[in-house]
Amino acid sequence: QVQLVESGGGLVQAGGSLSLSCVASGSTFSNLNMGWFRQAPGKEREFVAHISWTGAVTSYAESVKGRFTISRDNGKNAVYLQMNSLKPEDTAVYYCAADRYVVSVRADYWGQGTQVTVSS
């Protein structure tokens with residue numbers, strides 16, 4: 001079992017920045033592919049970013065490419081999401097996810113989510 005705990009959400013004005021963190025426990029973190037997803041009210045959960053277990057491979061949704069950066073520190077069992085140039089449409093609950101194989105909306109492990117609100 002893997003437990004994931006997100007932190008770092010909050011309220012920010014458009015154009016501002018936030019940094020999210022996700023700390024994992026209960027399993028060998030360095031074996032896990034990690035991802036960030038988000039879900040806005042009335043919408044389905046969507047992919048934001050992914051990072052491979054080595055950190056060598058990352059991918060991003062087109063809507064956040066160039067603005068968000070995912071990274072990880074296997075020594076701290078943590079994955080991060082740096083969000084810059086935030087837009088009101090980035091408002092959502094952000095979830096950290098982990099899977100030993102493909103990180104998708106069907107990932108094996110999920111955090112409880114952290115709210116990000118971007119005001120215009």
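Where in the chain does Ser 85 lie? Ser 85 sits in the loop between β8 and β9 (92-99), and we'll come back to that spot once the rest of the fold is on the table. Keep in mind throughout that what you have on screen is a predicted model.

Let's start with the whole chain. The protein chain has 11 strands and zero helices, so if you read the elements from the N terminus on, you get β-β-β-β-β-β-β-β-β-β-β. The radius of gyration is 13 Å, close to the 14 Å that the globule rule gives for 120 residues, so the chain is as compact as a globular protein of that length. Along the principal axes, the C-alpha atoms fill a box of roughly 40 × 25 × 25 Å.

A few bulk numbers fill in that picture. Of the 120 residues in the protein chain, 44% are buried. If you take the contacts with a separation of 6 or more, 55% of them are between residues 24 or more positions apart. The accessible surface comes to about 6100 Å², and carbon and sulfur atoms own 49% of that. As for charge, there are 10 positive and 9 negative side chains, and the centres of the two sets lie 2 Å apart.

Now for the strand pairing, beginning with β8 (residues 78-83). On one hand, β8 pairs with strand β3 (residues 18-25) in the antiparallel sense, over six bridges. To find that pairing in the viewer, pick Leu 20, whose bridge partner in β8 is Leu 81. On the other hand, β8 is joined to strand β7 (residues 68-73) by six bridges, and these two also run antiparallel. Here the pair to look for is Thr 69, standing opposite Gln 82 in β8.

Strands β7 and β8 form a hairpin with four residues between the strands. One of the residues to click on in the loop between β7 and β8 is Asn 77. Its phi is near 55°, which is a positive value in a residue other than glycine. Is Asn 77 buried or partly exposed? With a relative accessible area of 25%, Asn 77 is partly exposed, given that buried means under 20%.

That brings us back to Ser 85, in the loop between β8 and β9. Ser 85 isn't a glycine either, yet has a positive phi of about 50°. At a relative accessible area of 41%, Ser 85 counts as partly exposed.

Next, move over to β4 (residues 33-39). This strand is mostly covered, with six of its seven residues buried. Which strands does β4 pair with? One partner is β9, joined to β4 by seven bridges in an antiparallel arrangement; Arg 38 stands opposite Tyr 94 in that pairing. Another is strand β5 (residues 46-51), joined to β4 by five bridges and again running antiparallel. In this case Phe 37 has Phe 47 of β5 as its bridge partner. Strands β4 and β5 make a hairpin too, with six residues between them, and Gly 42 in the turn has a positive phi of about 80°.

Two serines in strands are worth a stop before you finish. Ser 59 is in strand β6 (residues 58-60) and counts as partly exposed, at 28% relative accessibility. Leaving out residues up to four places away in sequence, Ser 59 touches Phe 47, Val 48, Ala 49 and His 50. Take Val 48 from that group: its C-alpha atom is separated from that of Ser 59 by 8.4 Å, with their positions 11 residues apart along the chain.

The other serine is Ser 25, in strand β3. Ser 25 is partly exposed, with a relative accessible area of 36%. Which residues does Ser 25 touch, not counting residues up to four places away in sequence? They are Gln 1, Val 2 and Gln 3. For a sense of distance in the other direction of the sequence, try Ser 119: Ser 25 and Ser 119 are 94 residues apart along the chain, and their C-alpha atoms are separated by 33 Å.

Note on methods:
Residues numbered from 1 in each chain as written. Predicted model: local features only at pLDDT ≥ 70, side-chain atom pairs only at ≥ 80, totals over all residues. Heavy atoms only, no water. Rg over C-alpha atoms; globule rule 2.2 N^0.38 Å. Buried < 20%, exposed > 50% of the residue type's maximum accessible area, 1.4 Å probe, protein only. Contact = heavy atoms within 4.5 Å. Areas by Shrake-Rupley, 256 points an atom, 1.4 Å probe, with all protein chains shown as cover. Lys, Arg positive; Asp, Glu negative; His and termini not counted. Charge placed at Lys NZ, Arg CZ, Asp CG, Glu CD. Pairing = 2+ DSSP bridges.
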